[in-house]
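Student: I have a structure in front of me and would like to learn how to read it, feature by feature. Could you take me through it?

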Amino acid sequence: VTAASTGIVEAVAAHGLPGAPPLPDSPLDGATWRAVLEQATGDRATPLLAAAVVDGALAATDRQREQAVVAHEQAMRLCVVLERALLDTATRLDAAGIDYRVLKGPAVARLDYADPAERAFGDVDLLVAARDYERALDLLQSVGARRRYTEVRPGFDRRWGKGACLVAPDGIELDVHRTFVAGPFGLTIDLDELFAHASFVTLGGRSLPALDRTGRFLHACFHASLGDRTARLVALRDVAQLVLASDLDRDDVLARAGRWRAEAVVARAVRLAWRRLRLEPVPWLDWACALRPDRFQARALRAYTAPSRSYATQVVAGVAAVPSVSEKLAYMRALLVAEPDHLARRDGSYPRRLQRAWRAYADTRSERPRAAERSRAAERTR
Amino acid sequence: VRRTAGVLWRDGAFGVVLLAPAAPEPLTLAGTGRALWAALDHPVTTSELAAELAAAFAVDRDRVEADIAPTLAELARIGAIEEAP
């Protein structure tokens, strides 16, 4: 992986969008090509790499073209397998009367891209209504799925958690979400509002509920902004795709983001997408660059973006978003007095957990210039 | 014949990747298989299918009918296509 290969993969991830940067007009040398292929696979951008090569936008040798097409085929083989797992899961949830929305890959591939073959994905994500969350997990575990991580305390996830990652007997990952992310920004989302709207994705002859377009864009922003230490290019492409290639209602997005105290999340996602994909500026970018987050959002954002970011910093920062004093106390008690199994896996002992929690709390509250500078420097290198 | 309602598929330069409801794994149709799958987007008889592909590729219809028979048999075996009522 080199700076050159990274720059090429980032430009590939913008392929087909208006204002996308140009790609090399002569075939890459072997080492650079291998790095591009590897990075595109890791960033789930092989459909865009294959499209760029097949369209002639990215010059390639016959061998490189063949490798790009095979990588695309492999990604699509996984996608149809995951879609079948999604259909099986949807059948079970429907039979149990559990309300859900299809998230991310399977939804945006069919609703926001011209061709679902342009969008690869690696797991299945579902948002389940909080009232049905535990019933959904029980149902899926009754057919052999197992939780990847134990819950901090019984009932924590249903009240405050992001959700659970389940692994089916065939190895397929199924992320059951209660909200978009752990921590403060996951707690300020109006979950009822998410279920008040729907788009429908047709899959294998069936119609499955997904988030509406505004909801899909906001989730794409949450995922790109807060999901991984370094956002996958496919996540950034989703943000740009929805801005540039759909009839996204900007007023609706900003109104909903405002109600969720999450304008900073949207702004960061747009800035990251435009910077890494090197797209031509658009009014959305002007808005994102001009936004000055309030104190709550600035602090909350640090829990996800500071170099010290961890699940611990996010859930500890969540205290600020929990509404009442009594609920804040319940939240903190649940975090500190974890179940023995959870404790053994994460911290080993209660004093150590308390120490980690304090460090995470101090880190998210810190407004020292040095910490902020570290955070910006990390963002620049991503 | 026609596509089975629950079949999942993707089309690309690789051909068509498809997964029938009860198939153990996806199948890739390469080369002219891509055109065959596209022609199955509505119910057709095998003769109509052969005629359509023969016209598209400018080859003899009987030869196409013989060529596509094993692919259609395989698609039927995995449950990706079915006889239309």
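Student: Let me begin with a single residue: does B:Arg63 count as buried or exposed?

Tutor: The general idea is to ask how much of a residue's area remains accessible, and a residue over 50% relative accessible area is called exposed, whereas one under 20% is called buried. B:Arg63 has 52% relative accessibility, and therefore counts as exposed. B:Arg63 sits in helix H3 of chain B, which covers residues 61-78, and its C-alpha atom is 8.6 Å from that of B:Ala50, a residue 13 positions away along the chain.

Student: Which residue could serve as the opposite case, and where does it lie?

Tutor: Take A:His177, which has 4% relative accessibility and so counts as buried. A:His177 belongs to strand S5 of chain A, residues 173-177, and, once residues up to four places away in sequence are set aside, A:His177 touches several others, including A:Leu103, A:Asp125, A:Val128 and A:Lys162.

Student: How far should I trust such details?

Tutor: This is a predicted model, so the predictor's own confidence in each residue, pLDDT, is the place to start. Chain A averages a pLDDT of 91, with 95% of its residues scoring at least 70, and chain B averages 94, with 100% of its residues scoring at least 70. The model as a whole scores ipTM 0.94 and pTM 0.89.

Student: Where in chain A does pLDDT stay under 50?

Tutor: That happens over residues 369-373 of chain A, and for this stretch the model has two contacts beyond four places in sequence.

Student: How should I read the nonpolar residues?

Tutor: In soluble globular proteins, nonpolar side chains tend to be buried together. Here the largest nonpolar core has 88 residues, and A:Leu49, A:Phe185, A:Phe217, A:Phe222 and A:Trp284 are those with the most contacts inside it. Helix H13 of chain A, residues 263-277, gives the most to this core, with ten residues. If you select A:Phe185 and leave aside its neighbours within four places in sequence, you will find it in contact with, among others, A:Phe222, A:Leu226, A:Val265 and A:Tyr304. Apart from this core lies another, of 62 residues, which includes A:Leu203, B:Leu49, B:Ala80 and B:Ile81.

Student: How many disulfides does the structure hold?

Tutor: A disulfide is a covalent bond between the sulfur atoms of two cysteines. The structure holds zero of them over all chains. A:Cys79 is in no disulfide, and the nearest cysteine sulfur, that of A:Cys165, is 17 Å away; A:Cys165 is likewise in no disulfide. A:Cys79 is buried, with a relative accessible area of 0%, and A:Cys165, at 15% relative accessibility, also counts as buried.

Student: What can I say about chain B as a whole?

Tutor: One begins with the order of helices and strands and then turns to the overall dimensions. Chain B has three helices and five strands, which follow the pattern β-β-β-β-α-α-α-β along the sequence. With 85 residues, a compact globule would have a radius of gyration near 12 Å, and chain B, at 12 Å, agrees with this. The C-alpha atoms of chain B fill a box of roughly 35 × 35 × 20 Å along the principal axes, and 39% of its 85 residues count as buried.

Student: And what do its contacts and its surface add?

Tutor: Among the contacts in chain B with a separation of 6 or more, 45% are between residues 24 or more positions apart. The accessible surface of chain B comes to about 4200 Å², and 55% of this belongs to carbon and sulfur atoms.

Note on methods
Residues numbered from 1 in each chain as written. Chains lettered and ligands numbered in written order. Predicted model: local features only at pLDDT ≥ 70, side-chain atom pairs only at ≥ 80, totals over all residues. Heavy atoms only, no water. pLDDT = per-residue confidence, 0-100. Contact = heavy atoms within 4.5 Å. Disulfide = S-S within 2.5 Å. Buried < 20%, exposed > 50% of the residue type's maximum accessible area, 1.4 Å probe, protein only. Core = buried A, V, L, I, M, F, W, Y, C linked by side-chain atoms within 4.5 Å. Helix = DSSP H or I, 4+ residues; strand = E, 2+ residues; numbered from the N terminus. Rg over C-alpha atoms; globule rule 2.2 N^0.38 Å. Areas by Shrake-Rupley, 256 points an atom, 1.4 Å probe, with all protein chains shown as cover.
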